[in-house]
Amino acid sequence: MMSVLAAGPAPALPEPGLRDEAVRIEERALLEARPDWLQIQEPAAAQWATELGALEALKPPSWMVPTEADSPEPGHRSWTVTVLASRALGEAQLRELLEMAAGRPEVRIVWRGVAPGESLGAFLRWIQTPLRAALANREAGAVPRLELDPRPFQNPLVELVPTLIVTDGDGTELARVSGLSDPDWILTQVRQGRRGDLGVRGPTVAVSEPDLIAELQRRLAGIDWAAERAAARARYWERAALIERPTSEQPRERRLDLTLEAQADVRLPDGTRVIRAGARVDPLAIRPFRQRLFVFDATDPRQVADVARRGAASRAEGRLPLYLATRLDRAAGWDGYRAVQSALGDPLYLLTPDVAQRFRIERVPARVEARGETLVVVEWPPEG
C-alpha cells in the first residue's frame, strides 16, 4: 500500500514517415489532453504519488531489516507489530505513539485514510506537528514507521483504536488487542503462546478517517469523465505549441545538403559492415522524397488561399501535398482549425520543431520539394 514514511546522434532521413510524425491534430490533442484527465482519474498515481515520493525519500534504510538486537526476541525477527491509529486519539496520545515507535523497526503505525475531503499533502502537514514533538529528544535516525493503508482495518473491520496486531513474516496474524498502545505487552503474550483476539484492555476511540480506498472511489464516482475529456480537448488550443515564422517579403530559393557523414562503422546484427566510418551518405539517394511540403501561417487568409491553390496544382502533377501550419487562431479553436482544413481539402498538421529544423524553415509561405537528388526550399510573398 502507500507508505507515508516521515523519515551526437545522426540526423534522421528527410522523408520517413512525415505523415506518421506529423500526427493528425485532433488525435494529438486527445493524446496530449490525456494527462489532464488522468491526473483526476488516477490521483493516487499522479498528485498523490508525487507527494508520497517526497516522503519516501525520508525513509531510513535501517528500517528495512531489523537487526537481531532490534528483534522482539531472538528467533522472531520477522514479527511485526501494527499499531492502528487515528487522529481521533488526540495530539498527546499520537505523540506518545510516535515516540514509542521511533527507532523500533518492527513497529509500524498505520492510518486508515485521510479526513473527508482532505488532500494527502494536508495530511502530511498535519502529522509533522506531533512528529516533531515526538522526535525532539530522540537521537538522530530514530524515526517511526508511518503508513497509510486501509487493509489492516478491513478484515475483520476495525472501528476502535488504538488496536495492536502482531503478524509473522508471511503476514499471518498471530494476535490482536484493543485499548493498548504498548507493543511490548502484546509481544509478551505472543511469546507465551497466546493467540487470537485478546479483547479490549483499555480506553478506545472511534476511527475518524474514512477508508482510503472507499474515499478514492467516492471521489472518482462524482466525476463526469466525458465532460473532463471534452474540457481537456477544448483547452488544447490554449496551450498548443506553435512555431511561428515571419512572412516572406521576396522570392527566395535555397538548396539543402542533407548528406550525412558516418561517425562510426554501421553494422548489421551479424557484424556485417554496411557503412564505414567517415563515409558520406545522401539520404535522397537511398529514399526519394516524393512529397511536397507547404508551410504557412494559417491565420493569414492570403497564405491559406495561396497554399490551397498551389497544393491542388501539386496534386494534379502527382506530387502529394502535406500542409504544415506555423500559426492558428487560438480563439477560434477547433472551428477555426476545421475551417482551414476545409479550405485546403486535405488534413492540416502543425509544424513540429524537428521538421522546422531539418528543413531549415525560416519564412512562410514556403515549399519543400525534391528536384532530382537535391532538396529545395522555396519561399515567396503571399499572393492575393
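Modeller: Before we start, one cut-off: a residue is buried under 20% relative accessible area, exposed over 50%, and partly exposed in between. Keep in mind, too, that this is a predicted model.

Colleague: Thanks! Why is E173 called partly exposed?

Modeller: E173 has 36% relative accessibility. That value lies between 20% and 50%, so the label is partly exposed.

Colleague: And why does R176 count as buried?

Modeller: The relative accessible area of R176 is 7%. Because the limit for buried is under 20%, R176 passes.

Colleague: What makes the contact of R176 and E173 a salt bridge?

Modeller: The rule asks for a side-chain nitrogen of Lys or Arg within 4 Å of a carboxyl oxygen of Asp or Glu. Between the side chains of R176 and E173, the N to O distance is 2.8 Å, so the pair qualifies. Salt bridges with shared partners also join E253, R292, E317, R367, E369 and R371 into one network. In total, the structure holds 26 salt bridges.

Colleague: E369 is in that network. Why does E369 count as buried?

Modeller: Its relative accessibility is 5%, and under 20% means buried, so E369 fits. You can find E369 in strand 18, residues 366-371. The C-alpha atoms of E369 and R255 are separated by 9.9 Å, although the two residues are 114 apart along the chain.

Colleague: How do you know that R108 and E147 link distant parts of the chain?

Modeller: Start with the contact: R108 forms a salt bridge with E147, and their closest N and O atoms are 2.7 Å apart. R108 sits in strand 3 (residues 107-111) and E147 in strand 4 (residues 145-148), 39 residues apart, and that is how the pair links distant parts of the chain. Both R108 and E147 are buried.

Colleague: Is E106 buried or exposed, and why?

Modeller: E106 is at 4% relative accessibility. As that is under 20%, E106 is therefore buried. The side chain of E106 meets that of R104 in a salt bridge, with 2.9 Å from N to O.

Colleague: Let's turn to helices. Why do we say that the buried residues of helix 12 line one face?

Modeller: First, the list: G333, W334, G336, Y337, V340, Q341 and L344 are the buried residues of helix 12. Looking down the helix axis, these residues fall within an arc of 165°, so they line one face. The face turned away from that buried side carries the exposed residues D335 and S342. After helix 12 comes G345, with a positive phi near 75°.

Colleague: How do you know that the length of helix 12 is close to what is expected?

Modeller: Helix 12 covers residues 333-344, which is 12 residues, and reaches 17 Å from its first C-alpha to its last. At 1.5 Å a residue, 16 Å is expected, and the two values are close.

Colleague: Where does helix 5 bend?

Modeller: Helix 5 bends at Q128, by about 30°, and the proline P130 follows within four residues. P130 is also one of the buried residues of helix 5, which include L120, F123 and I127.

Colleague: Last one: what makes L268 fit into a nonpolar surface patch?

Modeller: A patch residue needs over 30% relative accessible area. L268 is at 41%, so this requirement is met. Together with V266 and V274, L268 makes a nonpolar patch of about 230 Å². L268 lies in the loop between strand 12 (266-267) and strand 13 (273-275).

Key
Residues numbered from 1 in each chain as written. Predicted model: local features only at pLDDT ≥ 70, side-chain atom pairs only at ≥ 80, totals over all residues. Heavy atoms only, no water. Patch = residues over 30% accessible without salt bridge, like charges linked within 9 Å, V, L, I, M, F, W, Y side chains within 5 Å. Areas by Shrake-Rupley, 256 points an atom, 1.4 Å probe, with all protein chains shown as cover. Helix = DSSP H or I, 4+ residues; strand = E, 2+ residues; numbered from the N terminus. Buried < 20%, exposed > 50% of the residue type's maximum accessible area, 1.4 Å probe, protein only. Expected span 1.5 Å × (residues − 1). Arc of directions from axis to C-beta. Bend = angle between axes of the 7 residues up to and from the residue.
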